[in-house]
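Grab a coffee and work through a few exercises on the structure shown here. Each one has a task, then a solution that goes step by step.

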Amino acid sequence: DINGLAELAYIKLDGSQLRIGALARHADLLDSAVAGQCFPIFHDAERVVADPIVRLWGTVGGSLCQADPSEDLSAAFAATHATAVIRGAGGDREVPVREFHLGPYETVVGRGELLAEVRVPVSSGRGRTGSAYEKVDRRTGDWAVVAAGAALEVADGAIVHAGIALAAVGGGITSAAAEESLVGAAVSDGAFARAAALAADA
């Protein structure tokens with residue numbers, strides 16, 4: 001039981017990164033004003049995680065390390081191009097969240113290591129940013145039947161940065177083709193429809 005490692009329970013803005021300790025609770029992320037201001041996707045995702053008891057006791061790191069293919073935060077962090085900080089006796093190593101899961105219930109965390117932190121890059125300020133998470137489930141708080149997370153940065157009417165991630169759909173959690181189709185495109189229903197079709201194909 002690692003609940004006593006209180007030094008890993010934090011959420012803070014540090015320069016160009018939002019840093020989230022692995023033992024931050026779901027409720028902490030849901031209540032965090034700085035996280036919601038930078039990335040509304042986290043509040044969207046946390047609102048649909050299980051029930052209040054799970055959100056009070058469950059942790060961000062625990063959810064990522066469980067590696068359930070239907071898990072909400074994995075898609076949210078993948079969409080925002082987050083990085084996992086894995087700590088061991090030899091020091092820290094960083095792994096993109098998009099490479100963190102090797103398959104269902106399997107991660108890159110090795111023997112004698114633990115997930116210590118998740119770092120999310122904050123917008124460079126070139127344009128306006130937005131993010132969201134949508135989930136289809138059988139009952140409120142249930143595992144996703146399908147879910148999608150997206151994060152965009154728009155400048156001068158064009159998309160300059162895009163992140164898309166899917167949960168519970170099988171295959172890879174992200175679609176590089178869908179993201180690439182958005183970068184440089186004008187903000188329009190047509191651009192989003194093309195990206196959606198590419199994500200579905202993936």
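What follows is a set of five exercises with worked solutions.

This is a predicted model, in which local features need pLDDT of at least 70 and side-chain atom pairs count only at pLDDT 80 or more, while totals for chains, interfaces and linings use all residues. Residues are numbered from 1 along each chain as its sequence is written, and side-chain values use heavy atoms, with hydrogens and water left out.

**Exercise 1. Aromatic pairs**

Task: Work out how F42 and F77 pair up, and which parts of the chain the pair ties together.

Solution:
- Start with the rule: rings of Phe, Tyr and Trp (its six-membered ring) pair if their centres lie within 6.5 Å, and planes under 30 degrees apart count as stacked, over 60 as edge-to-face and the rest as tilted.
- The structure holds two aromatic pairs.
- For F42 and F77, the centres are 4.9 Å apart with 45° between the planes, which makes the pair tilted.
- Now place the rings. F42 sits in helix α3 (residues 40-47) and F77 in helix α6 (residues 72-79), so the pair ties together parts that are 35 residues apart in sequence. Helices (H or I, at least four residues) and strands (E, at least two) are DSSP runs, numbered from the N terminus.
- Both F42 and F77 are buried. Buried means under 20% relative accessible area, exposed over 50%, and partly exposed in between (1.4 Å probe, protein chains only).
- Finally, ring pairs link F39, F42 and F77 into a cluster.

**Exercise 2. Around helix α6**

Task: Describe how covered α6 is, and look at what sits at its ends.

Solution:
- Eight of the eight residues of α6 are buried, so this helix is mostly covered.
- Among them are D72, L73, S74 and F77.
- At the N-terminal end, E71 acts as the cap, with a side-chain oxygen 3.0 Å from the backbone nitrogen of L73. That fits the polar contact rule: a pair of N or O atoms within 3.5 Å, where within protein one must be able to donate a hydrogen and the other to accept it, and residues adjacent in sequence count only if both atoms are side-chain atoms.
- After α6 comes H81, whose phi is positive, near 55°.

**Exercise 3. Two alanines with positive phi**

Task: Find out where A67 and A168 lie, and whether each is buried or partly exposed.

Solution:
- Some background first: most residues other than glycine have a negative phi.
- A67 has a positive phi, near 60°, and lies in the loop between α5 (60-66) and α6.
- With 4% relative accessibility, A67 counts as buried.
- A168 also has a positive phi, near 70°, and its loop runs between β10 (158-167) and α7.
- A168 counts as partly exposed, because its relative accessibility is 25%.

**Exercise 4. Salt bridges**

Task: Go through the bridges of D14, R47 and R119, and see which residues join into a network.

Solution:
- The rule asks for a side-chain nitrogen of Lys or Arg within 4 Å of a carboxyl oxygen of Asp or Glu. By that rule, the count is ten salt bridges.
- D14 and R19 bridge with their closest N and O atoms 2.8 Å apart. D14 is partly exposed at 38% relative accessible area, whereas R19 is buried at 19%.
- R47 and D44 bridge at 3.3 Å between the closest N and O atoms. They are three residues apart in helix α3, so about one helical turn separates them. D44 is partly exposed, with a relative accessible area of 23%.
- R119 meets E117 in a salt bridge at 2.4 Å, N to O, and both residues are buried.
- Bridges that share partners join D14, R19, E94, E117 and R119 into one network.

**Exercise 5. A buried acid**

Task: Say where E179 lies and which backbone nitrogen its side chain meets.

Solution:
- E179 belongs to helix α7 (residues 176-182).
- Its relative accessibility is 8%, so E179 counts as buried.
- A polar atom of the E179 side chain lies 2.9 Å from the backbone nitrogen of I164.
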